[in-house]
Amino acid sequence: MALAWIALFYSIYSAQASVAVAGFSFIATIAAGYMGIGHMDLRQLLTALKPGTDYGAVPEPPPIEMGDA
């Protein structure tokens, strides 16, 4: 992703419009995919795709222990 930003700024600096459009399109596609799926949905998808005996179930968070303050 960082290389895409570098290529975008360099292409703007050197007046290469086609490279700038391609670089911006790549960045916009990655950002739209991340925002469209959502980072929590993507995390759950990646957890589900990980092989295991629980068939991709999301683990339960640890219980919150309330103590005297």
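**A three-helix chain and its surface**

The accessible surface of the protein chain adds up to about 6,100 Å², and carbon and sulfur atoms account for 69% of that. Just 12% of the chain's 69 residues count as buried. It's worth keeping in mind that this is a predicted model. The average pLDDT over the chain is 74, with 83% of the residues scoring at least 70.

As for the fold, the chain has three helices and zero strands, which gives the pattern α-α-α when read along the sequence. Confidence varies a little from element to element: helix H2 (residues 17-37) has the highest mean pLDDT, at 78, while helix H3 (residues 39-49) has the lowest, at 74.

Helix H1 covers residues 2-13, and tryptophan 5 is found there. This tryptophan has a relative accessibility of 36%, so it counts as partly exposed, a class that runs between 20% and 50%. Trp5 also belongs to a nonpolar surface patch, together with Phe9 and Ile12. Taken together, these three residues have about 340 Å² of accessible area.

Alanine 20, for its part, sits in helix H2. With a relative accessible area of 14%, alanine 20 falls under the 20% cut-off and is therefore buried. So what does alanine 20 touch, leaving aside its neighbours within four places in sequence? Its contacts are Leu8, Ser11 and Ile12. Ile12 thus turns up in two places: in contact with alanine 20, and in the nonpolar patch on the surface. Alanine 7 lies 13 residues from alanine 20 in sequence, and their C-alpha atoms are 7.5 Å apart in space.

Terms used: Residues are numbered from 1 along each chain as its sequence is written. This is a predicted model: local features need pLDDT of at least 70, side-chain atom pairs count only at pLDDT 80 or more; totals for chains, interfaces and linings use all residues. Side-chain values use heavy atoms; hydrogens and water are left out. Patches are made of residues with over 30% relative accessible area and no salt bridge: like charges are joined within 9 Å, nonpolar side chains (Val, Leu, Ile, Met, Phe, Trp, Tyr) within 5 Å. Accessible areas come from the Shrake-Rupley method with a 1.4 Å probe; for residues, only the protein chains shown count as cover. A salt bridge is a side-chain nitrogen of Lys or Arg within 4 Å of a carboxyl oxygen of Asp or Glu. Helices (H or I, at least four residues) and strands (E, at least two) are DSSP runs, numbered from the N terminus. Buried means under 20% relative accessible area, exposed over 50%, partly exposed in between (1.4 Å probe, protein chains only). pLDDT is the predictor's confidence in each residue, from 0 to 100. Contact means heavy atoms within 4.5 Å.
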